[in-house]
Amino acid sequence: MAESFDIAIGRCESVSGDEVVVELDTAMVSRLVPGHPWHRSGTSKLKFALQLCSVLRPPQAGRETFLDREAILKNPPGRFDLLGDGKYAAVRLKALAANTDPQPPTPTPKSSWTERAPRRRSSRG
């Protein structure tokens, strides 16, 4: 079973009814529109269903917004305003979870004390 976790996407602007509006971080904009020139974080906005938010960290206006990764991987719809001018276009949200697969920690081999390089002694004068 895949491990589930939350993805931070930006500052919550508002929560009304069953919809959330978020001022997206630049990294999230680049996932939705790869190669688009950089904009200041918070310029682009995203509207989506409240049910996509983290259960552990529900959205609050003015705070960081967290989405449930498993919900996002189901590719739900959202509405995206790239320039912050109020013109929203339909978008699929699965791209927000790109490159978020959990990676198991890679064990590093430890050398025994006999394989370590000798320490240099400092000369104090």
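Six strands come together in an open sheet, and their order across it is E4-E1-E2-E3-E5-E6, with antiparallel pairing. Keep in mind as you look at it that this is a predicted model. The two edges of the sheet are strand E4 (64-68) and strand E6 (89-92), each of which pairs on one side only. From one strand to the next, the twist averages 45°.

Let's visit one end of the sheet. Strand E5 (residues 77-81) is joined to E6 by 4 bridges, and the two pair in the antiparallel sense. Which residue stands opposite alanine 89 in E6? That is phenylalanine 80.

| Strand | Residues |
|---|---|
| E4 | 64-68 |
| E5 | 77-81 |
| E6 | 89-92 |

Now step back to the chain. How many helices and strands are there in the chain? The count is 2 helices and 6 strands. Starting at the N terminus, you will meet them in the order β-β-α-β-β-α-β-β. Try comparing that run with the order of the strands across the sheet, E4-E1-E2-E3-E5-E6.

The chain can also be described by its contacts and its surface. Among contacts with a separation of 6 or more, 60% are between residues 24 or more positions apart. The chain has 125 residues, and 33% of them count as buried. As for the outside, the chain exposes about 8,900 Å², and 52% of that area is supplied by carbon and sulfur atoms.

Key: Residues numbered from 1 in each chain as written. Predicted model: local features only at pLDDT ≥ 70, side-chain atom pairs only at ≥ 80, totals over all residues. Heavy atoms only, no water. Buried < 20%, exposed > 50% of the residue type's maximum accessible area, 1.4 Å probe, protein only. Contact = heavy atoms within 4.5 Å. Areas by Shrake-Rupley, 256 points an atom, 1.4 Å probe, with all protein chains shown as cover. Pairing = 2+ DSSP bridges. Axes fitted to C-alpha atoms, helices over the stretch in contact; angles between N-to-C directions.
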